Amino acid sequence: MSSDPSGRHIRIFDTTLRDGEQSPGASMNLAEKLEVAQALADLGVDIIEAGFPIASPGDFEAVKQISQTIRGVTVCGLARCNDKDIDRAWEALKHAPQSRIHVFLATSAIHREFKLRMTPEEIIQRAVAGVQRAAQYCDDVEFSPEDACRTEHDFLCQVVEAAIDAGATTVNIPDTVGYATPSEVFDRIRMLRERVPNIDKAVISTHCHDDLGMAVANSLAAVQAGAGQIECTINGIGERAGNAALEEVVMAMRTRSDFFDVNTRIDTRRLLPTSQLVSTTTGIAVQRNKAIVGRNAFAHESGIHQDGMLKERSTYEIMSPEDVGFTKTDLVLGKHSGRAALADRARELGFQLTGEQLQGVFAEFKKLADRKKEIYDGDIVALIGREISDAVEPQWTLSDFEVTSGRNRKPSVTVTLSNGEQEFTESADDGDGPIDAVFWAVERITKIETVCKDYRVRSATLGRDAQGEVRLEVEYKGRLYRGVGVSTDTVESTILAILNAVNRIVAESDSRADSVAETES
Ligand code: KIV
Ligand code: ZN
């Protein structure tokens, strides 16, 4: 429990796999989604919004498999207010012991006039029809009047009342464009509670976007006004500037339980591991000074603060780092550590590795231990990140490379890659640096021409012998693909990251070809 058990229970509705996945470049494959879903269930969220089944075959499959395998949590799928969407959502959700259909329809004047071209009466009819259809399948139905925070009060009250009458058990009040302020959100929820006659038949929910940096404050204001559910994402990822960050709303309610008098089911010690898993999986880094889970969230730099902390922690610390999953020391493993110790540490860091994944990570761990005496948590997270992103069977692997570069000479690179039993070697000396040359050499071998859109390198841990983690994004045929590579040699990290992206491209092309074949047969 995350706070005083006597308080009101606030449901945590996690939408990392739906709204979070709408973050540019954050798309996850099926194995990654299943892994994140399990971590969310272990974290203790009440509802996982697993995807938008009609949106793509990949989304459908993810919602279906999460419904079939993840237990102890309600699995939710998103649908517009039309029969096709709702039927498809149910098709994916029907295997879950506890499922929810989430239907949405825009209600603000701007959306009605310019996007939907529908009258207020038509909106109400469509919303009612959508909720009724969803309620035929499932008795847990959520309705969201999209852009609710810019919808006229009278009309919002009418829509919400009609949706509840039609069978909605949760009414979500989204701040779709991140425009509202905390006091406005508070007033709007209060207004609904006072004016909608059947409001006590449904749970009021909040779903705030962070365009003006107010998503967390707005969600908490909604709770103060009586909302019983917060929709949020790990690390606050989501459409545009993102959604309310789960770890922040949860820790605010817990740390200030004297003020909010509410509780959640979240096991707060799993916040950091879950944050790391989502960051590793989506490739979206957590800023250092991010509240709760940032690397600096509990680092005290000023001498005055350090002095105060040594005398009494509460002088400058309102939460303990252990409560959100930081461990006291992160110097963990070395050359002689075994597989079980590695599996244990990975579990503590939030990763439930399959036997096959553990095998892969352990092999890389042993190689690293030969190069580097002390292996830190950051190293392990980086190795796991690489293994997870290799979730698809890699078609291209690195056999060897050689690079020369110097101040006044052209860089030159020779790369040897394997594909099954065969090896291919290419050289390049036409780049403007060794990294560029590596891109050219890989491209010549794989024949996959990509455009590099983003390239970042960071050290996985402190120290000169740290591993360099390369994260990059490439464009291929109009779509973005991520790649991650890690090694103590940055050129090697780069080749591994490029290959990781290339393997994703190949796997996706294969699965598209399969699904075309399936629909045609
Ligand atoms: O931001 C939004 O309005 C949404 C809805 C689908 C709930 O994501
Ligand atoms: Zn949203």
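Glu-364 and Lys-367 sit in helix α14 (residues 355-371), 3 residues apart, about one turn of the helix. Their side chains meet in a salt bridge, 3.0 Å from N to O. Lys-367 has 48% relative accessibility, so this residue counts as partly exposed. The model is predicted. The salt-bridge count comes to 32. The points below take up several of these pairs, the zinc site and one buried asparagine.

**Salt bridges across the chain**

- Asp-140 and Arg-100 form a salt bridge through their side chains, at 2.8 Å from N to O.
- This pair links distant parts of the chain, 40 residues apart. Asp-140 is in the loop between α5 (120-137) and β6 (141-146), while Arg-100 is in strand β5 (residues 99-106).
- Asp-140 and Arg-100 are both buried.
- Arg-195 and Asp-154 form another salt bridge, with the closest N and O atoms 2.6 Å apart.
- Arg-195 belongs to helix α7 (residues 182-195) and Asp-154 to helix α6 (residues 153-166), so their bridge ties together parts that are 41 residues apart in sequence.
- Arg-195 is partly exposed because its relative accessibility is 43%. Asp-154, at 46%, also counts as partly exposed.

**Zinc site (ligand 2)**

- The zinc ion (ligand 2) has three protein donors: Asp-19 (OD), His-207 (NE2) and His-209 (NE2). They lie 2.0 to 2.1 Å from the ion.
- Along the chain, the donors follow the spacing D-x187-H-x1-H.
- Asp-19 and His-207 link distant parts of the chain, 188 residues apart. Asp-19 lies in the loop between β2 (11-14) and α1 (30-43), and His-207 in strand β8 (residues 203-208).
- Asp-19 has a relative accessible area of 2%, so this donor is buried.
- His-207 is buried as well, because its relative accessible area is 5%.
- Asp-19 also takes part in a network of salt bridges with Arg-18 and Glu-49. This residue is thus both a zinc donor and a member of that network.

**A buried asparagine**

- Asn-218 lies in helix α8 (residues 215-224).
- Its relative accessibility is 0%, so Asn-218 counts as buried.
- Leaving aside neighbours within four places in sequence, Asn-218 is in contact with Asp-175, Ala-180, Thr-181, Pro-182, Val-185 and Cys-208.
- Among these contacts, Pro-182 and Val-185 fall within the residue range of helix α7 (residues 182-195). Cys-208 falls within the range of strand β8 (residues 203-208).

Technical notes
Residues numbered from 1 in each chain as written. Chains lettered and ligands numbered in written order. Predicted model: local features only at pLDDT ≥ 70, side-chain atom pairs only at ≥ 80, totals over all residues. Heavy atoms only, no water. Helix = DSSP H or I, 4+ residues; strand = E, 2+ residues; numbered from the N terminus. Buried < 20%, exposed > 50% of the residue type's maximum accessible area, 1.4 Å probe, protein only. Contact = heavy atoms within 4.5 Å. Donors = N, O, S within 2.8 Å, 3.2 Å for Na, K, Ca; no water. Salt bridge = Lys/Arg side-chain N within 4 Å of Asp/Glu carboxyl O.
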